[in-house]
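Here is a short report on one chain and its ligand. Look at the sequence and the model first, then read on.

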Amino acid sequence: TAKQTFYTQEIKRLLVERNAALVAHYYTDPEIQALTEETGGFISDSLEMARYGRDCDAQTLIVAGVKFMGETAKILSPEKTVLMPTLEATCSLDLGCPIDQFSAFCDEHPDHTVVVYANTSAAVKARADWVVTSSIALEIVDHLDAQGKKIIWGPDRHLGAYIAKQTGADMLMWQGECIVHDEFSAKALRDMKHLHPDAAVLVHPESPASVVEMADAVGSTSQLIKASQDLPNEKFIVATDRGIFYKMQQLAPNKTFLEAPTGGNGATCKSCAHCPWMAMNGLKAIYDALNDGSGHEIHVADDLREKALIPLNRMLDFSA
Ligand code: CIZ
Ligand code: SF4
């Protein structure tokens, strides 16, 4: 439409004018990922978004994702201006893990190593010994378990249960969940597999264990994209946010990708395989952030920033 053309052109002009780069998550809408590619920006998972933000030459980062991704970018790149299309884009994991309660939980178990998922506030990261993303969580917990460490894991209980099962690590779980992945249903998936017996099932481990058990491949967004290219199947049932189809289809144009079913139907599912906060990253919001950054800029207090940087750098160094 004329409006979309206007915003796209203005965004391109402003990105150059402000020496800014778009950094987008795989779960953002297809038009946002397409614009990111067209403007020489970067699309990835939260781990690689953070690394790219830190290492790229741009003075300003527009982080199209959710708030913790903007905060992580700012913690790693304090000298850069970090803007978000909207500061309202949060995450149910972040919301479900308030610092006061999480910190009290940690205080009750002082002999435990605190490992938190990247989907948390800067304050929760500052309380942690390690930050992990889903693409590196298994390796890091395995590493800590091999040293005999007992672990506090937060906030995603499904991802935590998956990692505990895979590694055998001693893990105390915070009881949080992602509203998108938590809705995938093993029962409905079983029915769907009967209709598509040739399809491989790809599952993000934020999904319930009963769904993870049915997977042909389990992994982070980037690992699932790789599996969609590597597996010989021509058809896939995918249990993660549908934003990922943009990249899967681009890299394997002849394959067919189907959304895994949620427990409800279209009328009753809450998120219906698309994160409502990721969906806030529209063209107009990106334009607004670039045109008048006020109300879009991420700030992290210095003391929190310095403390959160330690476990974040542990992760980045571990995966370097
Ligand atoms: O579910 C999310 O928000 C994910 C998968 C984030 C990430 O690690 O890229
Ligand atoms: Fe959070 Fe889930 Fe949305 Fe990711 S998809 S940002 S984990 S609510």
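The text goes from the whole chain to its domains, its sheets and the ligand shell.

**Overall form**

The model is predicted. Its chain holds 15 helices and 12 strands. The C-alpha trace spans about 50 × 50 × 35 Å along its principal axes. The radius of gyration is 19 Å. A compact globule of 320 residues would come near 20 Å, so the chain agrees with that expectation.

**Domains**

The chain is divided into three parts: domain 1 (2-90 + 278-300), domain 2 (93-177) and domain 3 (181-259). Domain 1 is written as two segments, 2-90 and 278-300. Between the centres of domain 1 and domain 2, taken over C-alpha atoms, there are 28 Å. In their contact, 10 residues of domain 1 meet 10 residues of domain 2. On the domain 1 side, α3 (46-55) and α4 (67-76) are the elements that give two or more residues. The most comes from α4, with five residues. By type, this side of domain 1 has four nonpolar, three polar and three charged residues.

**The sheet β2-β1-β3-β4**

Four strands form an open sheet in the order β2-β1-β3-β4, and the pairing is parallel. The edge strands are β2 (42-44) and β4 (81-83). Each has a single partner strand, so one side of each is left without a neighbour in the sheet. From one strand to the next, the twist averages 20°.

Inside this sheet, β1 (residues 20-25) and β3 (residues 60-64) run parallel and are joined by five bridges. Opposite A64 in β3 stands A24. Two helices accompany these strands. Helix α3 lies across β1, β2 and β3 and runs at about 170° to β1. Helix α14 (residues 283-291) packs on the sheet and touches β1, β3 and β4. The direction of α14 makes about 160° with that of β3.

**The sheet β10-β9-β11-β12**

A further open sheet of four strands has the order β10-β9-β11-β12, again with parallel pairing. At its edges stand β10 (217-218) and β12 (256-259). Because each has a single partner strand, one side of each has no neighbour in the sheet. Strand β9 (residues 200-203) is joined to β10 by two bridges, and the two run parallel. The bridge partner of L202 in β10 is A217. Helix α12 (residues 221-230) lies across β9, β10 and β11 (235-239). Its angle to β9 is about 165°.

The table sets out the helices that lie on these sheets.

| Helix | Strands touched or crossed | Angle |
|---|---|---|
| α3 | β1, β2, β3 | about 170° to β1 |
| α14 | β1, β3, β4 | about 160° to β3 |
| α12 | β9, β10, β11 | about 165° to β9 |

**The ligand shell**

Which residues are around ligand 1? They are D45, S46, A118, N119, T133, S134, C178, E206, S220 and T221. The shell divides into two nonpolar, six polar and two charged residues. Where does ligand 1 lie with respect to domain 2 and domain 3? Both domain 2 (93-177) and domain 3 (181-259) give residues to the shell, so ligand 1 lies between them.

Some shell residues link back to the elements above. S46 is in the shell, and α3 spans 46-55. T221 is in the shell too, and α12 covers residues 221-230.

Definitions and conventions:
Residues are numbered from 1 along each chain as its sequence is written. Chains are lettered from A and ligands numbered from 1 in the order in which they are written. This is a predicted model: local features need pLDDT of at least 70, side-chain atom pairs count only at pLDDT 80 or more; totals for chains, interfaces and linings use all residues. Two strands pair if DSSP finds at least two bridges between them. Two residues are in contact if their C-beta atoms, placed from the backbone, lie within 7 Å. Axes are lines fitted to C-alpha atoms, for helices over the stretch in contact, and angles run from 0 to 180 degrees between N-to-C directions. A residue is near a molecule or strand if its C-beta atom, placed from the backbone, lies within 6 Å of it. Ala, Val, Leu, Ile, Met, Phe, Trp, Tyr, Cys and Pro count as nonpolar, Asp, Glu, Lys and Arg as charged, and the others, Gly among them, as polar. Domain bounds come from an automatic or database domain assignment. The radius of gyration is taken over C-alpha atoms; the globule rule is 2.2 Å times the number of residues to the power 0.38.
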